[in-house]
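Subject: Structure handover and findings

Dear colleague,

Please find below the sequence and structure that I am handing over to you. I would be grateful if you read the notes that follow with the structure open.

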Amino acid sequence: MRLHPVDIKTLTPEVFRVFGTQNALVTAGDQSGCNTMTIGWCQLGRLWNLPVCTVYVRPERYTYQFMESHDYFTVSVLPAGEKKTMQVCGTRSGRDIDKVKACGLTLCYGAGGAPFFDEAEWVLVCKKAYVQDMDPACVLDQKQIPPFYGEKGGGWHRIYTGQVVEAYTK
Ligand SMILES: Cc1cc2nc3c(=O)[nH]c(=O)nc-3n(C[C@H](O)[C@H](O)[C@H](O)COP(=O)(O)O)c2cc1C
């Protein structure tokens with residue numbers, strides 16, 4: 001065999017390095033109002049011959065309302081040093097504070113008027129293509145229901161797969 005094992009973080013650096021370490025902000029809304037939150041879960045790939053990005057948003061998030069009421073969402077990957085912003089956006093709700101203002105983020109608007117942040121290292125603008133609630137019945141090993149759900153966790157996520165219609169980097 002000529003293949004040899006490599007650290008997946010070096011093979012596909014952006015997805016496997018970014019998510020789980022610096023993570024990203026998912027943002028939805030428009031010029032009249034938007035909300036953003038930290039996400040640690042994301043898939044990038046290809047579906048229906050389209051480049052796609054999939055994110056997972058719990059119904060209890062304020063961001064969920066914006067994801068539902070708008071056709072586009074964005075994924076902004078901030079520089080690794082932006083830990084404070086990622087922490088604020090991942091622990092505070094837009095119901096209580098204006099996270100964009102509190103974190104000093106600069107709004108930009110892409111396709112469909114979708115909001116993202118000028119501070120990002122790279123950004124994907126996505127047009128919603130497929131939306132589905134995660135179904136507990138589809139977890140194959142029912143004895144291994146992920147600990148993110150149930151009494152100690154929260155509601156099952158809604159899955160949003162969007163066609164990547166624009167990408168920005170520096
Ligand atoms: C590292 C990290 C990753 C997160 N990933 C997700 C995620 O993928 N999906 C989700 O629904 N919430 C995720 N959260 C939780 C939300 O970011 C958090 O509940 C946020 O305060 C929701 O804000 P909102 O109410 O303004 O929408 C994550 C939080 C952190 C700190």
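The notes below take up the ligand shell, then a helix and then a strand.

Please bear in mind that this is a predicted model.

The ligand is surrounded by 20 residues, of which Gly40, Thr63, Gly90, Ser93 and Gly94 come nearest. Two or more residues of this shell are given by each of strand S2 (33-39), strand S4 (50-57), helix H3 (62-69) and helix H4 (83-91). The largest share, 4 residues, is that of S2. By character, the shell comprises 10 polar, 6 nonpolar and 4 charged residues.

Helix H3 has Thr63, Phe66 and Met67 as its buried residues. These lie on the same side of H3, because they cover an arc of only 105° around the axis. Thr63 thus appears both among the residues that come nearest to the ligand and among the buried residues of H3. The packing partners of the buried H3 residues are strand S1 (24-30), S2, S4, strand S5 (72-77) and strand S9 (158-169).

Strand S5 is largely enclosed by the rest of the structure, since 6 of its 6 residues are buried. Tyr72, Thr74 and Ser76 point one way from S5, while Phe73, Val75 and Val77 point the other way. S5 pairs with S1 in the antiparallel sense over 3 bridges, and Thr74 in S5 has Thr27 opposite. S5 also runs antiparallel to strand S8 (residues 122-133), to which 6 bridges join it; here Val75 stands opposite Leu124.

Yours sincerely

Conventions:
Residues are numbered from 1 along each chain as its sequence is written. This is a predicted model: local features need pLDDT of at least 70, side-chain atom pairs count only at pLDDT 80 or more; totals for chains, interfaces and linings use all residues. A residue is near a molecule or strand if its C-beta atom, placed from the backbone, lies within 6 Å of it. Ala, Val, Leu, Ile, Met, Phe, Trp, Tyr, Cys and Pro count as nonpolar, Asp, Glu, Lys and Arg as charged, and the others, Gly among them, as polar. A residue is buried if 20 or more other C-beta atoms lie within 10 Å of its own, exposed if 12 or fewer, and partly exposed in between; C-beta atoms are placed from the backbone. The arc is that of the directions from the helix axis to the C-beta atoms. Two residues are in contact if their C-beta atoms, placed from the backbone, lie within 7 Å. Two strands pair if DSSP finds at least two bridges between them.
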